[in-house]
Amino acid sequence: MPLPTSKLACILLPLALCAAAAVADTSQAKGSQTLVDPGPPAHQEPFTLESAINLALERNPDLHIANERIAQAEAAIGESLAAFYPQVKARLSYRYSDNPAEAFGMIVAQKRFSFGQDINNPKGTTDFRPEVEATLSLYRGGQDYQRSKVADLGKEISELELSSVRNNLIHGVSEGFYALLVAKENQTIAQRAIDAVQAELTETKKRHAAGTVLKSDVLSLEVCLAAAREADIRAKNAIELARTVLRTLIDLPEVSPIEPHIEAQRALPALPASFDELEAQAQANRPETQIAQRQRETRQLELKIAQGEHLPRVDAYVNYGLNERSPEFSTAHQNVGSGIQVEMDLFSGFATHARVSKAERRLAEADEQAHKTELQIRQDVKTAFLELQEALQRAEVAKAAVAAADEALRLVTLQHRAGTATVTRFIESEVARDQAQAGWLTARYDTFRADAALQRALGAWR
């Protein structure tokens with residue numbers, strides 16, 4: 001005897017199974033991070049997408065790391081500016097020698113030379129010298145200035161990286177939020193399929209006991225029931241994986257409940273009219289593009305720094321100190337020295353040439369990286385644009401399917417009440433209606449996910 005309900009369940013369950021598996025795979029790829037329990041959850045009900053994003057911006061470790069890198073870049077700026085200030089050092093030295101040349105120099109520095117001394121036999125002579133020395137770099141082939149500009153660009157790059165992290169974080173939270181909603185819908189599909197197949201299986205067993213159906217029909221329904229339960233297990237696991245993704249991004253403890261809430265009447269996103277305008281907007285607004293540009297400017301400055309090693313270096317210095325036979329210092333033995341020193345590398349074993357060549361190759365690499373970034377952004381925008389277009393089209397089809405399924409169920413319900421439609425046919429229509437409604441909700445969430453991906457591609461959340 002044919003059993004339409006069991007056949008329908010066997011057809012619908014693999015669809016639910018595949019949908020749940022897809023969400024599980026996506027969530028698994030994103031949810032493999034280690035969780036740290038920071039304390040009780042800080043969110044308030046309901047758990048909306050906006051509240052999830054706000055919590056992520058407040059608690060996510062990646063944003064904290066990016067802020068620390070900005071602070072490091074600020075410190076690097078201060079370090080680079082130190083080259084424009086005098087460098088002051090203090091030293092205390094002790095020497096002992098009976099070498100006539102060294103001893104004579106110490107005696108003269110201590111201002112105690114007399115012609116009655118035996119210069120060739122000075123015996124052991126000691127010298128204590130406290131001194132303060134200040135040096136100032138006057139010229140280094142422009143290297144100090146170029147290094148300060150590199151430090152400034154380093155801070156800009158760190159700030160742009162923070163914008164990139166923020167942009168990707170908001171997209172990640174949005175993706176995880178909608179993935180959780182889809183997973184919950186898939187779990188609902190699986191549970192309804194279990195209920196429908198279980199009811200039909202119970203009825204079929206009664207008919208088999210009465211001898212009106214074959215044993216193979218019972219076994220077929222049991223196989224379908226097992227598939228439905230497997231889909232339910234996969235869907236429940238996908239829900240937990242999606243929650244794990246959100247907990248990781250938001251830095252919430254494992255025990256914190258996450259029940260997503262979204263407005264039922266939220267309008268579907270609109271498809272932008274021009275792809276070319278979107279690409280131009282993304283190329284101008286994405287922090288990755290600006291990072292690539294700043295990296296190229298940095299490499300240009302580094303090349304100038306390397307080329308500056310061919311030029312002379314000029315330093316001014318002044319030295320003040322005392323020379324004493326014992327640590328009993330007196331200004332009577334003080335001395336001052338000052339001067340200007342010019343230094344230039346005539347041959348460095350080709351090291352300077354190698355550093356210039358390395359800087360040139362790094363600049364060429366930065367050029368290629370900027371081009372790669374441009375291509376990647378173009379691909380991101382194109383992919384997101386096409387996915388949003390597809391999602392909106394699928395949503396229209398799914399909405400029409402809901403209307404058709406509702407009307408079919410209404411007609412079958414009237415027929416069943418009039419006695420012209422069997423219970424099997426009624427259950428079949430009810431399952432089809434549930435499937436259509438779940439498909440519409442999934443397609444609706446997919447439009448929001450695709451729109452979030454497009455906003456990330458445009459750099460809207462930087």
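How many helices and how many strands does the protein have? I began with this count on the predicted model, and I noted 10 helices and 4 strands. I then read the elements along the sequence, where they follow the pattern α-α-α-β-α-β-α-α-α-α-β-β-α-α.

I next looked up totals for the whole protein, and I recorded that 42% of its 462 residues are buried, while the accessible surface comes to about 25200 Å², with carbon and sulfur atoms holding 55% of that surface. For contacts between residues at least 6 apart in sequence, I noted that 84% join residues at least 24 apart.

I turned to Arg129, which I located in strand β2, the run of residues 125–139. Is Arg129 buried or exposed? I put Arg129 down as buried because its relative accessible area is 13%, which is under the 20% limit. Setting aside residues up to four places away in sequence, I listed what Arg129 touches: Arg91, Leu92, Ser93, Asn319, Tyr320, Gly321, Leu322, Asn323 and Asn335. For Asn335 I also entered a polar contact of 3.1 Å between its side chain and that of Arg129.

My last entry concerns Ile305, which I found in helix α8, spanning residues 287–307. Ile305 has a relative accessibility of 11% and therefore counts as buried. With neighbours within four places in sequence left aside, I noted that Ile305 is in contact with Gln143, Gln146, Arg147 and Val150. For the pair Ile305 and Val150, I wrote down a separation of 155 residues in sequence and a C-alpha to C-alpha distance of 9.9 Å in space.

Technical notes
Residues numbered from 1 in each chain as written. Predicted model: local features only at pLDDT ≥ 70, side-chain atom pairs only at ≥ 80, totals over all residues. Heavy atoms only, no water. Helix = DSSP H or I, 4+ residues; strand = E, 2+ residues; numbered from the N terminus. Buried < 20%, exposed > 50% of the residue type's maximum accessible area, 1.4 Å probe, protein only. Polar contact = N/O pair within 3.5 Å; in protein donor to acceptor, adjacent residues only side chain to side chain. Contact = heavy atoms within 4.5 Å. Areas by Shrake-Rupley, 256 points an atom, 1.4 Å probe, with all protein chains shown as cover.
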